[in-house]
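Thanks for making time this morning. I would like to walk through one structure, going from charged pairs to an aromatic pair, then to pockets, and ending with a couple of single residues.

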Amino acid sequence: YISLGRLGEAVSTLERAVTLAPRHALARFNLAVALGTARRWAEALPHLNEYTQLKPDDAGGHHQLGLTLSELGRPAEAVPHFCRTIELKPDAAEAYNNLGNAMQAIGQPQEAIAFYEEAIRRKPGYADAVTNLGAAHQALGCRGVSRADLRYDDTSGEPGDFYLLEINTQPGMTPLSLVPEIAADVGVGFGALVRWLVENARCDS
C-alpha cells in the first residue's frame, strides 16, 4: 500500500496488525513509516519508541526515530538516536548528515561541520551533505573560501571519531594549495579563482 501511495489503507491495515499483535516489531516499524510518510509524526513517535525497545540494536529504527524527533522540533532528543545509528552502522552517511542537521538546530554549527564532512567521506557526492556543509560555514559567518580542519582518531578501533580543530577562513592560495586544486578540478583556473575572491570580497563595518 505504501509504495502505491495508498497511505490511508496502509495505516489502517497496520493499525489492525498492531492491535492483534502489540509486540510485533515489524508491524510497529512499518506503521511508523506509513504515518511518517503521511507526515503524522506525533502518531508515529510512540510506535518507534516501542520498536526501539523491542529491537534496540536495529540501526534503521533508531534512524527513523531520530528523523521523527527532528520533524517534531526536538533535535536534542534526536541526537542520541543518530549517534546510536552510527554506532550500529558506521557507514550510514545519511545518519551523519542528519546528526549534523540536529547539531545545527541546537546551535552547534562547528560540531555539525565535522558530521557533514564525515557524511561526504562515507558517500562522496552526497549532495544533501555538501549543501548542509556550506550552510554550516555560512552560519559561522564564513564566506568566499573557508576550510574545516579535522582530526580522525581511530586509536580505539573503528569507527573512529572526528574532532574539529578549526575553521580556516584564509586557507592557502599558492598554485599548489588545496583550494586552487579543488577549483581546477571543476574547471576554475587560478587566475579566475583569485579574480572571483577579489571581486566578491567585502568588509563588515
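Let me begin with Asp91 and Arg122, which form a salt bridge whose closest N and O atoms are 2.6 Å apart. Please keep in mind throughout that this is a predicted model. The pair links distant parts of the chain, since Asp91 sits in the loop between H5 and H6 while Arg122 belongs to helix H7, 31 residues apart. As for their surroundings, Asp91 counts as exposed because its relative accessibility is 57%, whereas Arg122, at 21% relative accessibility, counts as partly exposed.

Staying in helix H7, there is another salt bridge, in which the side chains of Arg121 and Glu118 meet at 2.9 Å, N to O. Here the two partners both lie in helix H7 and are three residues apart, which is about one turn of the helix. Is Glu118 buried or exposed? Glu118 has a relative accessible area of 1% and is therefore buried, while Arg121, with a relative accessible area of 45%, is partly exposed. The residues I have described so far belong together, in that Asp91, Glu118, Arg121 and Arg122 are linked in a network of salt bridges.

How many salt bridges does the count come to? The answer is nine, and I will take up one further example, the salt bridge in which the side chains of Asp57 and Arg84 meet at 2.5 Å, N to O. This pair also links distant parts of the chain, with Asp57 in the loop between H3 and helix H4, residues 59-71, and Arg84 in helix H5, 27 residues apart. Asp57 counts as exposed, because its relative accessibility is 55%, and Arg84, with a relative accessible area of 21%, is partly exposed. As general background, side chains of opposite charge can pair when their charged atoms come close.

Before leaving helix H5, which spans residues 75-88, I would like to point to Thr85, which is placed in that helix. Thr85 has a relative accessible area of 3%, and so it is buried. If we leave aside its neighbours within four places in sequence, Thr85 is in contact with Ala59, His62, His63, Ala92 and Ala95.

Let me turn to aromatic rings, where a search of the whole structure finds one pair. The rings are those of Phe29 and Tyr51, with their centres 5.0 Å apart and their planes at 40 degrees, which means that the pair counts as tilted. Because Phe29 lies in helix H2, residues 25-37, and Tyr51 in helix H3, residues 41-54, the pair ties together parts that are 22 residues apart in sequence. Both partners, Phe29 and Tyr51, are buried.

Now to the pockets, and I will take the largest one, which has a volume of about 970 Å³. Its lining is made up of 25 residues, and those closest to its centre are Glu117, Val130, Leu133, Ser146 and Ile182. Which element gives the most to this lining? That is H8, with five residues, although H7, helix H8 (127-139), strand E1 (147-153), helix H9 (178-185) and helix H10 (190-199) each supply at least two. By class, the residues lining the largest pocket divide into 16 nonpolar, five polar and four charged.

The second largest pocket has a volume of about 350 Å³. It is lined by 14 residues, of which Arg143, Gly144, Val145, Thr169 and Leu197 are the closest to its centre. The lining of this second largest pocket has seven nonpolar, five polar and two charged residues.

Finally, a word on Gly107, which is found in the loop between helix H6, residues 93-105, and helix H7, residues 109-122. Gly107 counts as exposed because its relative accessibility is 57%. The C-alpha atoms of Gly107 and Ala139 are separated by 9.4 Å, with the two residues 32 apart along the chain.

If you take away one picture, let it be the network of salt bridges that links Asp91, Glu118, Arg121 and Arg122, read with the caution that the model is predicted. I am happy to go back to any of these places in the viewer.

Conventions:
Residues are numbered from 1 along each chain as its sequence is written. This is a predicted model: local features need pLDDT of at least 70, side-chain atom pairs count only at pLDDT 80 or more; totals for chains, interfaces and linings use all residues. Side-chain values use heavy atoms; hydrogens and water are left out. Helices (H or I, at least four residues) and strands (E, at least two) are DSSP runs, numbered from the N terminus. Buried means under 20% relative accessible area, exposed over 50%, partly exposed in between (1.4 Å probe, protein chains only). Contact means heavy atoms within 4.5 Å. On a 1 Å grid over the protein atoms alone, a cavity is a set of points where a 1.4 Å probe fits but cannot get out, and a pocket is an open set with protein on both sides within 12 Å along at least five of seven lines; lining residues have an atom within 4 Å of a point. Grid points are joined across faces, edges and corners, and a volume is the space filled by probe spheres set on the points. Ala, Val, Leu, Ile, Met, Phe, Trp, Tyr, Cys and Pro count as nonpolar, Asp, Glu, Lys and Arg as charged, and the others, Gly among them, as polar. Rings of Phe, Tyr and Trp (its six-membered ring) pair if their centres lie within 6.5 Å; planes under 30 degrees apart count as stacked, over 60 as edge-to-face and the rest as tilted. A salt bridge is a side-chain nitrogen of Lys or Arg within 4 Å of a carboxyl oxygen of Asp or Glu.
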